[in-house]
Amino acid sequence: MAQSSYVTQEDVLFFRENGYWVSPKLFSESELEEMIEHQEKIYRAEYELGREPWSTWKAGDNPRSLRKTDNAHWSDPVLRRVATHPVIGEIAARLMNADKIALWHDQLLYKPGRADRRHTANVGWHQDYVYWQCCAEPSLVTAWVAFTDVDLSNGCMQVVPGSHKWGLVKVNDFFEQNLEKQQEQMELPDGQAFRPVPLVMKAGQVSFHHALTIHGSGPNTTDSPRRSMAVHLMTGDTRYRSGTPAEGHMNVKLLNGRDGDLFEGEPFPVLYPPSVR
């Protein structure tokens, strides 16, 4: 298991109790500038690695919508370095008590500014694992890399501490824009309360949340876009489970495996340990 200098035992215990943790700044200002420059290249369909992402926002799409690009690491070397960053893998291994961490997939995210009543670009309350039930266990964690400063004014992520212990909850819809309506209809375990915490972060910090942690985000009411990348990671023992609602997930198609097979190989680069890369 990793012994990351970025993570203390107290941090590990915090993650296990709350289902999330926020790192110190991991990326420099010059790195962030380069990451934003290459994010814009993706939107201009300039794919330096010669491969188009799995799905992406393109010029001509709704400029007020949330831009979500899956597997930008296929297309761009700078964004691939972010998605396969060894320090991110090392931290994830420590938090998940894992000997191996590999990339599940990435999502390049852009939340436009100046939200209004018609266009909020919210991210509805959800648990990532509801979309990843093709994995036999929720042995996954997301590293959310802030390319810009984030707080409630520009729609920072909000998480519900401890919700990773609740199992799958009747709440999940990434694309729902009415977060208040979701909260009213939510069915929580007895004795639990919905108390979201905003993850206020500086550009270059990375938040980590468990695949069962409930999270979402509100509107960006500022004049500038909120930029980030969600690096979805899995432990080395993550296996395919057939016949679930997630059978159509792109990673099932990439694996082309049988029930019980490990998600491993070229489509799933290893971040930790570095010698396996």
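**Figure 1. Overall view of the predicted model.** Of the protein's 277 residues, 55% count as buried. The model is predicted. Six helices and 11 strands make up its secondary structure elements. The radius of gyration is 18 Å, close to the 19 Å that the globule rule gives for 277 residues, so the protein is as compact as a globular protein of that length. Along the principal axes, the C-alpha atoms fill a box of roughly 50 × 45 × 40 Å. Contacts reach far along the chain: among those between residues at least 6 apart in sequence, 82% join residues at least 24 apart. The exposed surface comes to about 12200 Å². Carbon and sulfur atoms supply 47% of that surface.

**Figure 2. The largest pocket and its lining.** The volume of the largest pocket is about 440 Å³. Its lining counts 27 residues. Nearest the centre of the pocket lie Lys68, Gln107, His126, Phe174 and His232. Several strands contribute at least two lining residues each: β2 (67–70), β3 (101–111), β4 (123–126), β5 (140–146), β9 (215–217) and β10 (226–235). Helix α6 (250–255) also supplies at least two. By residue class, the lining divides into 11 nonpolar, 11 polar and five charged residues.

**Figure 3. Asparagine 71, in the loop between β2 and α3.** Asparagine 71 sits in the loop that links β2 to α3. Its phi is near 60°, a positive value in a residue other than glycine. Is this residue buried or exposed? Asparagine 71 has a relative accessible area of 2%, under the 20% cut-off, so it counts as buried. Strand β2 (67–70), on one side of this loop, is among the elements that supply at least two residues to the lining of the largest pocket.

**Figure 4. Arginine 81 in helix α3.** Helix α3 spans residues 77–83 and holds arginine 81. The relative accessible area of arginine 81 is 47%, which lies between the 20% and 50% cut-offs, so the residue is partly exposed. Leucine 26 is 55 residues away from arginine 81 in sequence. In space, the two residues are 13 Å apart, C-alpha to C-alpha.

**Figure 5. Helix α4 and the residue that follows.** Helix α4 covers residues 86–96. How many of its 11 residues are buried? Nine are, and the helix is mostly covered. The buried set is Val87, Ile88, Gly89, Ile91, Ala92, Ala93, Arg94, Leu95 and Met96. Arg94 is thus listed as buried alongside Leu95 and Met96. After α4 comes asparagine 97. Phi of asparagine 97 is positive, near 55°.

**Figure 6. Asparagine 256, in the loop between α6 and β11.** Asparagine 256 belongs to the loop between α6 and β11. Its phi is positive, about 50°, although the residue is not a glycine. The relative accessibility of asparagine 256 is 68%, over the 50% cut-off, so it counts as exposed. Asparagine 71, by contrast, is buried. Helix α6 (250–255), on one side of the loop, supplies at least two residues to the lining of the largest pocket.

**Figure 7. A cis peptide bond after β11.** Proline 273 lies in the segment after strand β11 (270–272). The peptide bond that joins tyrosine 272 to proline 273 is cis. Omega for this bond is near 0°.

Technical notes:
Residues are numbered from 1 along each chain as its sequence is written. This is a predicted model: local features need pLDDT of at least 70, side-chain atom pairs count only at pLDDT 80 or more; totals for chains, interfaces and linings use all residues. Side-chain values use heavy atoms; hydrogens and water are left out. On a 1 Å grid over the protein atoms alone, a cavity is a set of points where a 1.4 Å probe fits but cannot get out, and a pocket is an open set with protein on both sides within 12 Å along at least five of seven lines; lining residues have an atom within 4 Å of a point. Grid points are joined across faces, edges and corners, and a volume is the space filled by probe spheres set on the points. Helices (H or I, at least four residues) and strands (E, at least two) are DSSP runs, numbered from the N terminus. Ala, Val, Leu, Ile, Met, Phe, Trp, Tyr, Cys and Pro count as nonpolar, Asp, Glu, Lys and Arg as charged, and the others, Gly among them, as polar. The radius of gyration is taken over C-alpha atoms; the globule rule is 2.2 Å times the number of residues to the power 0.38. Buried means under 20% relative accessible area, exposed over 50%, partly exposed in between (1.4 Å probe, protein chains only). Contact means heavy atoms within 4.5 Å. Accessible areas come from the Shrake-Rupley method with a 1.4 Å probe; for residues, only the protein chains shown count as cover.
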